[in-house]
Structures are given as C-alpha cells and as structure tokens.
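Me: Could you walk me through this structure, one feature at a time? I would like the reasoning as well as the result.

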Amino acid sequence: MDYNADGIKQLGETNGIGSVAVKAIACDGTVFTTTSDNHGDYVFSGGNAIAANNYPVRIEFSNLPAYAGQGTPNGTDGRTTVQFINAPDCSVDLGINDPSDYCETNPRTFVSCFVNGNNTDIDPNTNSLYDSGGLDALVAFNYDYNGVKDMSKMTVLATAKDIGSVWGLAYNKFTKKLFGSAVLRRHVGLTAKGLGSIFVIDPIAGGVVSSWDVATDMSVNVGTIGSNATRGLTGSGSPSQDPDAFDKIGTVGIGDMDIVEDGNALFFTNLFDKKLYKIDITQYNSSGTIPNNSKITPLTLPEPHLPRGGSLPVGFESL
C-alpha cells in the first residue's frame, strides 16, 4: 500500500492486497501467470518459474479492486500496471491506495449525549414537556476542538425529544446523511418508536430527516421495554430506579450500526436475537422510501468459544 501515493516504498508501507493477477509475457511469447497473496506478495515458481533465457519479460498487473484504479503514480518503487523487466528481480511492484482510508485534515466529529429523564411526556407540574426533552442528545464539532465545553464551537444536531438515547452512528458520505440507532440506557428515555429506532439526521443543518422502526417497518423483533413513564422517568434532575432497564440492559434493542463503503447497505446488531442485520438502503438513498421487511436480511454470527460460554455481539466494524 502506497499510503502517500508517491511511488516510493517507505517505512510502514508493508501491507498489500491479495488476488491481483500478475502475468509475465516472455520474449518468445511464453505466458506465465500467478496471483498475489493476502500480503500482496507474488512469485513465479515451480513449473511456473521464468527461466533466465526467457528475459526480458513484460509484466502486467490486473484484477485490481475498483478503488485502486491503475495504481498510484509511477515512482522509484511502485511503477505502472505494465512494466518491462530485463532480468530476475524481486522488487517489481505496483503501488496502490484506498481513498476510503483517508479523510479531510479536520473532519467533523459526531458524539451522542445521554440525557437523564423522560424526553417524551408532559410534566404534570408544568403542563409542558419534561425538561429532559430539550437537552442535547447529539452534537458535532471539528476534530481539532479541545478544552472545556464551548457551545460556540459545537453544533446541536438533535435534542432528546428528537432521538432519545442513541449510540450507533454511521455516516453516508454519498448522501451526506448521518444514521443513529437507539440504545437502551438505564435512566435515559427513548422516543415513542422505542428500541428499534433508526434516525436519519442532517449533519450540517441538524434535525431528523426521517425515522424508522425496525420492529414495525421491517418485522425485526428487538425485544421490549416499558414506556418512559412506566419506567418511572421524570425530569432531568430527578432520580429514578428504572428496574425494567436494569434487567434488560445488553439483552434488548440495537447494539452498534455501520454502513458499507458504497453507502447502499446499513448493518446493525440485534442484542435480542444476537444476529447481524443488513438493510438495503439503495432505494432509500434515491427516493427516501423507508425500507420494509423485503429490504432486510438477518445474518447468523458464529458463536465464539468463551471460557464461561455465551457472547454478546454489540460493536463491529464494516470493512
């Protein structure tokens, strides 16, 4: 991998990719073929070895992943997809890099905030929404921001009444939308859609663009939890016991969420059935149509062999 795209193999640039086809065409027309391994290494050996009298040879690299294009610019070490070699050489290389490994110098950072209390119901003492509903639940700031809290450097994208308790976040760089999934946290209220909520948020202007419920819209059973009122949640400064959540933390609702590189599939873990789910969001990206149960696929995860048995698939990374 030529991370800085200069065609020079430098310290730290030792990774490679597999399944790249390498063809050598000898001066007498004989063709030799091989493929790279998972480290990016390749060799012509055994019955496929190139004899000294077959040189010079023409080397061609093909079957590169789409993101690699034709490789990084021609340099001292990483050359082009077609090279002419006069004698046996162990350093006939092609540099590539993956644009998805990079971002701008100072990217936006999104952080969810967990607000104590009831974010959806009316406070009988004031006849207005409990104060929890108006507190920050999702904020954005530049990566280089540091120090004490300074709201002039932060943007509130959603309040607790908008999204409740959210943990999983995934950004679609093609549609410029941020996805957030509900999570059960003790003493923290959910929205009316409950445990299966997925919110689509405008990361620039803020606000919820649309919201889904994987239970209602896609027939995925994520378990149950009582309403905010049933759980005994009230104002942000009021204590609560919330015994229902105490018993169910980590066993119901959505765990983590991520989006694939092309932006057309969203994945989330279901803590209730311990499965990974894939949502096809191709149509949603183009028309805004909320996915239904025809767009979702459950994937059974392998059970790891743990000393005490059992597992809880929560966080994951889409590669």
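Reply: Happy to; below are some questions and answers on pockets, sheets, the core and a few backbone details. This is a predicted model, in which local features need pLDDT of at least 70 and side-chain atom pairs count only at pLDDT 80 or more, while totals for chains, interfaces and linings use all residues. Residues are numbered from 1 along each chain as its sequence is written, and side-chain values use heavy atoms, with hydrogens and water left out.

Me: Which strand gives the most to the lining of the largest pocket?

Reply: A pocket here is an open set of points on a 1 Å grid over the protein atoms alone, where a 1.4 Å probe fits, with protein on both sides within 12 Å along at least five of seven lines; lining residues have an atom within 4 Å of a point. The largest pocket has 30 lining residues, and Ser100, Cys103, Tyr171, Lys173 and Glu261 lie nearest its centre. Strand 5 (108–112), strand 10 (166–172) and strand 14 (254–259) each supply at least two of the lining residues (strands are DSSP E runs of at least two residues, helices H or I runs of at least four, numbered from the N terminus). With four residues, the top contributor is strand 14.

Me: What is the volume of the largest pocket, and how does its lining divide by class?

Reply: A volume is the space filled by probe spheres set on the grid points, which are joined across faces, edges and corners; for the largest pocket this is about 1000 Å³. For the classes, Ala, Val, Leu, Ile, Met, Phe, Trp, Tyr, Cys and Pro count as nonpolar, Asp, Glu, Lys and Arg as charged, and the others, Gly among them, as polar. The lining of the largest pocket comes to 15 nonpolar, five polar and 10 charged residues.

Me: How many charged residues are in the lining of the second largest pocket?

Reply: The second largest pocket has a volume of about 840 Å³. Its lining has 38 residues, with Gly40, Tyr42, Val92, Asp93 and Leu94 nearest the centre, and strand 3 (residues 57–62) gives the most, three residues. By class there are 21 nonpolar and 10 polar residues, and the charged ones number seven.

Me: Which strands stand at the edges of the sheet with the order 5-8-9?

Reply: This open sheet has three strands with antiparallel pairing (two strands pair if DSSP finds at least two bridges between them). Strand 8 (residues 136–142) and strand 9, for instance, are joined antiparallel by five bridges, and Phe141 has Met154 in strand 9 as its bridge partner. Two strands have a single partner each, so one side of each lacks a neighbour in the sheet: strand 5 and strand 9 (154–159).

Me: Which strands are the edge strands of the sheet with the order 2-1-3-4?

Reply: This is an open sheet of four strands, paired antiparallel. Strand 1 and strand 2 are joined by five bridges, and Ile25 stands opposite Val31 in strand 2. The strands that pair on one side only are strand 2 and strand 4 (82–85).

Me: Which strand gives the most residues to the largest nonpolar core?

Reply: A nonpolar core is a set of buried Ala, Val, Leu, Ile, Met, Phe, Trp, Tyr and Cys residues joined through side-chain atoms within 4.5 Å. The largest one has 26 residues, and those with the most contacts inside it are Phe179, Ile198, Trp212, Leu266, Phe268 and Ile279. Elements giving two or more residues include helix 2 (214–218), strand 15 (265–270) and strand 16 (275–280). The most, three residues, come from strand 14.

Me: Is Leu184 buried or exposed?

Reply: Leu184 sits in the loop between strand 11 and strand 12. Buried means under 20% relative accessible area, exposed over 50%, and partly exposed in between (1.4 Å probe, protein chains only). At 5% relative accessibility, Leu184 is buried.

Me: What is the phi of His187?

Reply: His187 is in the loop between strand 11 and strand 12, and at 22% relative accessibility His187 is partly exposed. His187 is not a glycine, yet its phi is positive, at about 75°.

Me: Which peptide bond is cis?

Reply: Look at the loop between strand 2 (31–35) and strand 3, where Pro56 is found. With omega near 5°, the cis bond runs from Tyr55 to Pro56.
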